[in-house]
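Work through these exercises with the model open. Each task is followed by a stepwise solution.

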Amino acid sequence: MNIILRLSGTFGSGKTTAVREFLDPFKYSSETLRNSSTNKVMGYKVNLSSQNISTPLYIVGSYENICGGTDGIKTQEEVGQRILKAWEFGHVIYEGALVSGAGLKGTVTQMTESTEATTYAFLDTSEDKCIERVIKRRLDAGNIKEFNPKNLIHKYRSVFKCSQNLDSANYNVISINHLNPHPQLLELIRDAENDRR
């Protein structure tokens, strides 16, 4: 069965960086998928044959800006629709701050539940490390205004609670090593690939 990977974490956890690794042209060839009417980026199709994975990987959302993923998609319903459409043709990975906290009653969770294909992968980045990264990101962008971590801490704890709730409800929840997430994500896709044979 094709896998649907939701990569979750708060701001600064490394979600976007982890997904961008699949778009590294030195590692994989990929195709940008655009809306034929607007030319807007809808996602990407990645060839993972170098990893003995014959089924393509679809990444949902645009990564043309620094912060990519599903947060640039207007509604959670549209996020769910894009995931389900891509899943018909291959494996899927998606991430975003909003979907990271989408629990049992979340729109995307509910829309994809019937597939029984989703693995909820939560990055194990510490709260302090997330704050440190966000501060660095702001400074790199020239924002020297003092950072109040209150909202980030609230979001961090919300995402953690979401992982606990999904796990308690027997959803497929796993922890991902934030220091080197790529091998673990590849292994999940490879395992799903092998289950199809």
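**Exercise 1.** In this predicted model, decide whether Phe22 is buried or exposed, then classify its ring pair with Tyr28.

*Solution.*
- Step 1: Phe22 has a relative accessible area of 0%. Buried means under 20%, so Phe22 is buried.
- Step 2: Tyr28 has a relative accessible area of 5% and is buried.
- Step 3: The structure holds three aromatic pairs.
- Step 4: For Phe22 and Tyr28, the ring centres are 6.1 Å apart and the planes meet at 25°. Planes under 30 degrees apart count as stacked, so this pair is stacked.

**Exercise 2.** Classify the pair Tyr120 and Tyr171, and state which parts of the chain the pair ties together.

*Solution.*
- Step 1: The ring centres of Tyr120 and Tyr171 lie 5.7 Å apart, with the planes at 70°. Over 60 degrees counts as edge-to-face, so the pair is edge-to-face.
- Step 2: Tyr120 sits in strand β6 (residues 118-123). Tyr171 sits in the loop between α6 (150-168) and β7 (173-176). The pair therefore ties together parts that are 51 residues apart in sequence.
- Step 3: Both Tyr120 and Tyr171 are buried.

**Exercise 3.** Describe the surroundings of β6.

*Solution.*
- Step 1: Six of the six residues of β6 are buried, so the strand is largely enclosed by the rest of the structure.
- Step 2: Thr118, Tyr120 and Phe122 point one way, while Thr119, Ala121 and Leu123 point the other way.
- Step 3: Strand β1 (residues 4-8) runs parallel to β6, joined by five bridges. Ile4 stands opposite Thr118.
- Step 4: β7 also pairs with β6 in the parallel sense, over four bridges. Phe122 has Ser175 of β7 as its bridge partner.

Key
Residues are numbered from 1 along each chain as its sequence is written. This is a predicted model: local features need pLDDT of at least 70, side-chain atom pairs count only at pLDDT 80 or more; totals for chains, interfaces and linings use all residues. Side-chain values use heavy atoms; hydrogens and water are left out. Rings of Phe, Tyr and Trp (its six-membered ring) pair if their centres lie within 6.5 Å; planes under 30 degrees apart count as stacked, over 60 as edge-to-face and the rest as tilted. Buried means under 20% relative accessible area, exposed over 50%, partly exposed in between (1.4 Å probe, protein chains only). Helices (H or I, at least four residues) and strands (E, at least two) are DSSP runs, numbered from the N terminus. Two strands pair if DSSP finds at least two bridges between them.
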